[in-house]
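Please load the model in a viewer and keep the selection panel open. The stops below follow one another, each with something to select.

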Amino acid sequence: MQRKMSRTRFLLGVAGTAALATLGVPATAQTARRNVLWIVDDDHPQYMMDPMPVTRRKIRDQGLNFTFGSTDIPLCGPARVSLLTGLSVTTHECDTNGTWPTFEGSSRGLAERTVARYLKDAGYTTGHFGKYINAHSKSRSVPAFWDRWCEALGDGSDTGGNATTPNRANIDGEITDLPPGILSVWSAGMCAEFIRDRAKDASPFFAQYCPTIPHSPYSPSEDSEHLYDGERRTVSSLNERDMSDKPRWMRQKGKAGSAWYQKAYEGKKEELADLDSRGIRPILEELEATGQLANTVIIFTSDNGYMLGEHRLTAKDKPYWESSEVPFFVKGPGIKKGSRAALVNHTDLMPTTCEIAGIPFSSLDVDGRSMLANLGRDTFSNWRKRMLVSGSADVGPELNPGGSNDPSGRWWLLREGQAAFILRENGAKELYWMKSDSHQERSKARTAKQSLINRLTDTVKTMRQAEGQERRRLEER
């Protein structure tokens with residue numbers, strides 16, 4: 001590994017300049033390597049961007065908005081492993097939300113394969129701010145390859161803390177009580193401080209800001225707590241009336257309680273307003289004030305989407321697109337503005353970031369793809385034609401033989417063109433044509449040609465066993 005990384009260092013000048021040229025960065029600026037900032041929030045439905053005007057104007061509208069942006073697995077902890085390593089959950093196998101022990105003990109050496117490891121070796125200063133891999137907070141350690149470590153302790157709560165149960169953080173290995181306040185605001189402040197310090201040295205930086213907003217329980221600030229009172233999710237799939245196309249256990253479910261999903265809908269939007277004004281705004285302002293904004297690639301996404309009563313379901317880790325689709329924006333020097341319908345997912349962030357840093361894609365052992373060559377183009381070329389999303393092995397409160405909080409067992413969702421095909425562990429299948437049925441209310445699995453169902457089934461089974469180059473080949477075939 002060290003020999004490979006030394007070669008990577010040697011190639012940084014050539015590969016880094018080529019990458020910047022691909023993005024259309026002027027030759028005079030190509031000697032300055034790009035900074036990279038990831039913003040990964042928590043349980044954020046893709047459609048829920050109206051509470052975030054700063055993020056829309058300063059990130060989404062200044063760069064590329066990927067309308068088919070997706071998680072690799074729609075569950076917090078496993079999704080974060082896919083982001084950090086560029087590996088699909090079918091490869092890294094960290095498939096429950098008690099994720100850290102599996103990650104740390106993996107025979108694949110996952111801790112040595114994170115984006116932080118590659119970028120630190122390439123001369124970047126690395127910093128983490130906020131939530132890390134689920135269950136890591138119990139270990140109180142500082143993972144390798146991070147120069148600055150500011151971890152909010154607690155996997156989901158962003159509550160304000162009090163005298164008896166204060167907010168706590170792991171700051172470079174020291175456990176510290178924090179004053180009352182919103183944890184995601186604290187971690188944003190630490191990220192802004194890191195950015196300010198980077199302006200004083202010559203090295204480029206990689207930072208990830210990972211707020212727990214808008215994860216339940218919802219605790220918006222006084223300024224935001226009533227901003228969206230009474231607003232409702234209004235889509236036809238909400239507490240879907242005709243469930244005849246769904247599995248039997250779903251047909252037998254009662255409707256989701258309106259009080260629950262109403263509270264969650266309001267709480268998420270109000271917390272996102274806080275994230276926008278108190279988290280993302282100060283980070284962007286610090287980038288601009290220190291003259292680093294023009295030299296920084298910003299990638300914004302979420303760990304998973306969220307079900308708020310669609311198909312009578314709640315929360316995440318479900319085989320429907322609302323659970324998998326996430327906001328997915330890339331903004332930075334030379335990156336085109338506009339929308340793209342390309343099938344991109346979490347496994348693409350790590351290889352893209354490595355290539356921005358000048359690390360050749362050929363030196364990476366990943367399942368994902370680098371977006372870099374396409375970020376400065378009007379269209380995506382040589383890209384995947386199909387994409388697999390996988391359910392977890394988590395066991396929930398319902399009868400669940402195989403995982404995913406689903407009596408049908410584990411599941412896989414294949415996106416291919418306009419098709420969304422669901423294969424469940426017990427063999428149940430659903431097929432939706434998303435152009436005419438975007439809310440997945442009319443499965444065509446019973447009426448479609450059997451040859452099509454067979455092909456889609458075989459594709460899922462083959463893809464979930466494939467890794468690396470073979471996985472990418474199957475996505476294009």
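How many salt bridges does a search of the whole structure find? The search finds 34. The model is a predicted one, and several of these pairs serve as stops on the tour.

**The whole chain**

Start with the cartoon. The chain holds 14 helices and 16 strands. Colour by relative accessibility next: of the 477 residues, 60% count as buried. Among contacts between residues at least 6 apart in sequence, 69% join residues at least 24 apart.

**Lysine 316 and aspartate 43**

Select lysine 316 and aspartate 43 and show their side chains. The two meet in a salt bridge, with an N to O distance of 2.9 Å. Lysine 316 sits in the loop between strand 10 (314–315) and helix 10 (321–324), and aspartate 43 in the loop between strand 1 (35–41) and helix 2 (53–60), so the pair ties together parts that are 273 residues apart in sequence. Lysine 316 is buried at a relative accessible area of 13%. Aspartate 43 is buried too, at 1%.

**Lysine 331**

Now move to lysine 331, in strand 11 (residues 328–331). Which side chain of opposite charge is nearest to this buried lysine, and how far away is it? It is glutamate 288, at 8.5 Å, and lysine 331 has no salt bridge. To see what surrounds lysine 331, leave aside its neighbours within four places in sequence: the contacts are then Lys58, Ile59, Gln62, Gly63, Leu293, Thr296, Val297 and Ile298.

**Strands 4, 5 and 6**

Select residues 148–152, 168–171 and 174–177, which are strand 4 and strand 5 and strand 6. Strand 4 and strand 5 run antiparallel and are joined by 3 bridges. On this pairing, cysteine 150 stands opposite isoleucine 171 of strand 5. Strand 5 also pairs with strand 6, again in the antiparallel sense, over 4 bridges. There, arginine 168 has aspartate 177 in strand 6 as its bridge partner.

Zoom in on the turn. Strand 5 and strand 6 form a hairpin with 2 residues between them, and aspartate 172 in the turn has a positive phi of about 55°. Aspartate 172 is partly exposed, at 40% relative accessibility. Which residue forms a salt bridge with aspartate 172? The partner is arginine 148, with the closest N and O atoms 2.4 Å apart. This pair links distant parts of the chain: aspartate 172 lies in the loop between strand 5 and strand 6, arginine 148 in strand 4, and the two are 24 residues apart.

**Helix 9**

Select residues 258–289, which make up helix 9, and find arginine 278 in it. Its side chain meets that of aspartate 274 in a salt bridge, 4.0 Å from N to O. Both residues lie in helix 9, 4 residues apart, or about one turn of the helix. An α-helix has 3.6 residues a turn, so residues three or four places apart point the same way. Is each partner buried or partly exposed? Aspartate 274 is buried, with a relative accessible area of 2%, whereas arginine 278 is partly exposed at 32%.

Arginine 278 also has contacts beyond its neighbours within four places in sequence: Val185, Ala188, Ser221 and Asp223. For a distance label, use glycine 189, which is 89 residues from arginine 278 in sequence and 8.9 Å from it in space, C-alpha to C-alpha.

**Helix 14**

Go on to residues 468–476, helix 14, where the buried residues are Gly468, Arg471, Arg472, Leu474 and Glu475. Look down the helix axis: these buried residues fall within an arc of 160°, so they line one face of the helix. They pack against helix 4 (89–92), strand 13 (386–390) and helix 13 (450–463). Then show Asp348, Arg369, Arg384, Arg471, Glu475 and Glu476, which are joined into one network by salt bridges that share partners.

**Cysteines**

Finish by selecting the cysteines. How many disulfides does the structure hold? It holds 0. Take cysteine 210 as one of the cases: its closest cysteine sulfur, in cysteine 191, is 9.3 Å away, too far for a bond. Cysteine 210 is buried at a relative accessible area of 3%. Cysteine 94 also counts as buried, at 1% relative accessibility.

Note on methods: Residues are numbered from 1 along each chain as its sequence is written. This is a predicted model: local features need pLDDT of at least 70, side-chain atom pairs count only at pLDDT 80 or more; totals for chains, interfaces and linings use all residues. Side-chain values use heavy atoms; hydrogens and water are left out. Buried means under 20% relative accessible area, exposed over 50%, partly exposed in between (1.4 Å probe, protein chains only). The arc is that of the directions from the helix axis to the C-beta atoms. Contact means heavy atoms within 4.5 Å. A disulfide is a pair of cysteine sulfur atoms within 2.5 Å. Lys and Arg count as positive and Asp and Glu as negative; His and the chain ends are not counted. Two strands pair if DSSP finds at least two bridges between them.
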